[in-house]
Amino acid sequence: MIRPTLAMVLALHAGLTFAAPPKDREWPTFGLDHANTRLADVPGLTPKTVQKLVPKWIYQSGIAQTFQATPLVVGGRMYVSLPGSHVVALDARSGVELWRYTHKKRTDKVCCGPANRGVAFDDGRVFVATVDARLVALDAASGKPHWDIELARPDNATTESSEGIKGEVGGGSGVGAAAAPLVIDGKVIVGINGVGYGLHLDVPGRAGQLASVVGMAGKYGGIGFLAAFDAKTGRRVWQFDTVRKPQEGGWEGDFVEKTADGLPLNRDIAGERASAALHKDAWEYGGGSVWNAPAYDAKSGLLYFGTGNPSPQINDTTRPGDNLYTASLVAVDAKTGAYAWHFQQIPHDKWGYDVASPAVLFDHREPDGRMVPAVGQASKLGWFYVHDRASGALLYKSEPFVLQDNLFAGASKEGTRITPGVAGGVNWSPAAVDAGRGLAFVAAMHMPMRYWIKETAATAGKPAQRYDSMEPSDEANWGVLAAIDLRQRGKIKWTAKTDEPLVGGVLALKSGVVFTGEGNGHLSAFDSVSGKRLWRFQTGAGVNAPPIAFTLDGNPYVAVAAGGSAIWGYRQGDAVIVFGLPD
């Protein structure tokens, strides 16, 4: 029985009312909500107050590797996936570690680095997909595993040989899972990656930093998929393969000469058709990784997600056709995994233009006032694509937010300059959408590449073999934070140039603030309307993960993982940093 205090009794007699205690505003899933908007409502943090932000606590995990996680905040706890697929639970008020799950890999073959992009939370459980292609359910109170199942065999993808290629190999085809899971109606939904990753060569003396992306003709890689698992048991409920099989119509498609939005692809269609009979089984190694969590529309019951490049990457000589459903935005039924529609951004992709940044849902207003449920995707090509959510029809694409040159040019022995190339544009970095202001925010990069035809060194028993290579061009590069006006069919409202290419993602606040991090260690805040930088903080390591925002006890906070990125050469660290207003 609750006994009223004297003050309460006097107040009631005086006709006064009491304000309810402030409700915590959590960050419960990868994109904040199922639409992946990353638009947080945190009263007290505005364009005027953001410059007062100070660190409130710092957690150091002891693992200084590429750190890309989106933390979750639920019930006063923060759940963070660490590099290597380890998971920690922290007290969100203090940063004290409450438990740690240490993941034990079942193979030493990891295709795509240690990074993990986040966990999912549902009904007292935390779910993590792992570098060795497993899905683990942890008890949210203790961190102890409830179940641990195999998504795919990590060694079931054939890896390219690096024989005859000069340089240290830092990657290869394989199977893993970096994407954060999504829980819908008791099902854990997650995809695999690495099936079309291919060889990555490292900068000499700087292990892990990208020197080039290499493609070789042959049967390398595997088939990507998005799948759903029972959250209680781990039982596989459905699976959608991202490569269309012969019985489904074939992955070759229509051998189109242009993209769906009318851009010439410079393909040798006659040559592809002539070689099709020689490569009837190319789809079995077709690629199509899933790099990020889907968006979900509860009304239609559809999931929206992007797919990676076809395999072999960069080199197209042994995979004729459009290579469906790779390099596409795809919609499937969340209950069954049944195909609904796809939009292939790049048929027969040979430039590494994965559809890697997460889809985001919002409403589009037509000129006649009609509202159309829409899905947007920030592409490596440098456009923000907006589609009808029901049919996949392209409503419009934005003005380019990065420089574009020779988008679909072929490789050459002289080295063809392409921008954006395999890096993007927008890489895997999540966008944010402020529907109230009609703005989408993207973190992008200007990193021109050169697309080469090269040869392996000949040996006594083996002749020289062609391979293709995409390498950073020896010229200036930089980052671009862009605001895209969704009410003006994608006109660029403003851009802010940063010293280094942006990889990590964006957070927007309803109050009118946008956050993003940089590889030089800065976490920065910008005005949503003007693009003016309002605040920044030097974290000491590359900020190459998406920030989040939440409130506890009425106090607003911003959190981010600062651990850098090996592939981009950004300083590595091991910290989760939480910022708030001074006491």
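All five residues of strand β33 (residues 513-517) are buried, so the strand is largely enclosed by the rest of the structure. The model is a predicted one. This briefing covers β33 and its partner strands, a four-stranded open sheet, and the two pockets ranked largest and second largest.

**Strand β33 and its neighbours**

- Burial holds on both faces of β33: Val513, Phe515 and Gly517 are buried on one side, and Val514 and Thr516 on the other.
- Strand β32 (residues 506-509) runs antiparallel to β33 and is joined to it by four bridges.
- In that pairing, Leu507 stands opposite Phe515 of β33.
- A hairpin with three residues between the strands links β32 and β33, and Gly512 in its turn has a positive phi of about 110 degrees.
- Strand β34 (residues 522-527) also pairs with β33, in the antiparallel sense and over five bridges.
- Here Val514 is the residue opposite Phe526 of β34.
- The hairpin of β33 and β34 has four residues between its strands, with Gly521 at a positive phi near 105 degrees.

**The open sheet**

- Strands β11, β12, β15 and β16 form an open sheet in the order β11-β12-β15-β16, with antiparallel pairing.
- Its edge strands, β11 (182-184) and β16 (236-241), each pair on one side only.
- On average, neighbouring strands of this sheet are turned by 20 degrees against each other, direction ignored.
- Within the sheet, five bridges connect β12 (residues 187-191) with the antiparallel β15 (residues 225-230).
- Val190 stands opposite Ala227 in β15.

**Largest pocket**

- The volume of the largest pocket is about 870 Å³.
- Its lining consists of 44 residues, and those nearest the centre are Cys112, Gly113, Tyr197, His200 and Ile567.
- By class, the lining of the largest pocket holds 20 nonpolar, 20 polar and four charged residues.
- Strands β13 (199-203) and β14 (206-215) each supply at least two residues of this lining.
- The most comes from β14, with four residues.

**Second largest pocket**

- The second largest pocket has a volume of about 280 Å³.
- It is lined by 14 residues, of which Asp363, His364, Arg365, Leu486 and Arg487 are the closest to its centre.
- Strand β21 (residues 360-365) gives the most to the lining of the second largest pocket, with four residues.
- That lining divides into six nonpolar, two polar and six charged residues.

Definitions and conventions. Residues numbered from 1 in each chain as written. Predicted model: local features only at pLDDT ≥ 70, side-chain atom pairs only at ≥ 80, totals over all residues. Heavy atoms only, no water. Pairing = 2+ DSSP bridges. Axes fitted to C-alpha atoms, helices over the stretch in contact; angles between N-to-C directions. Buried < 20%, exposed > 50% of the residue type's maximum accessible area, 1.4 Å probe, protein only. 1 Å grid on protein atoms, 1.4 Å probe; cavity = no way out; pocket = protein on both sides within 12 Å on 5 of 7 lines; lining within 4 Å. Points joined across faces, edges and corners; volume = space filled by probe spheres on them. Nonpolar A, V, L, I, M, F, W, Y, C, P; charged D, E, K, R; others polar.
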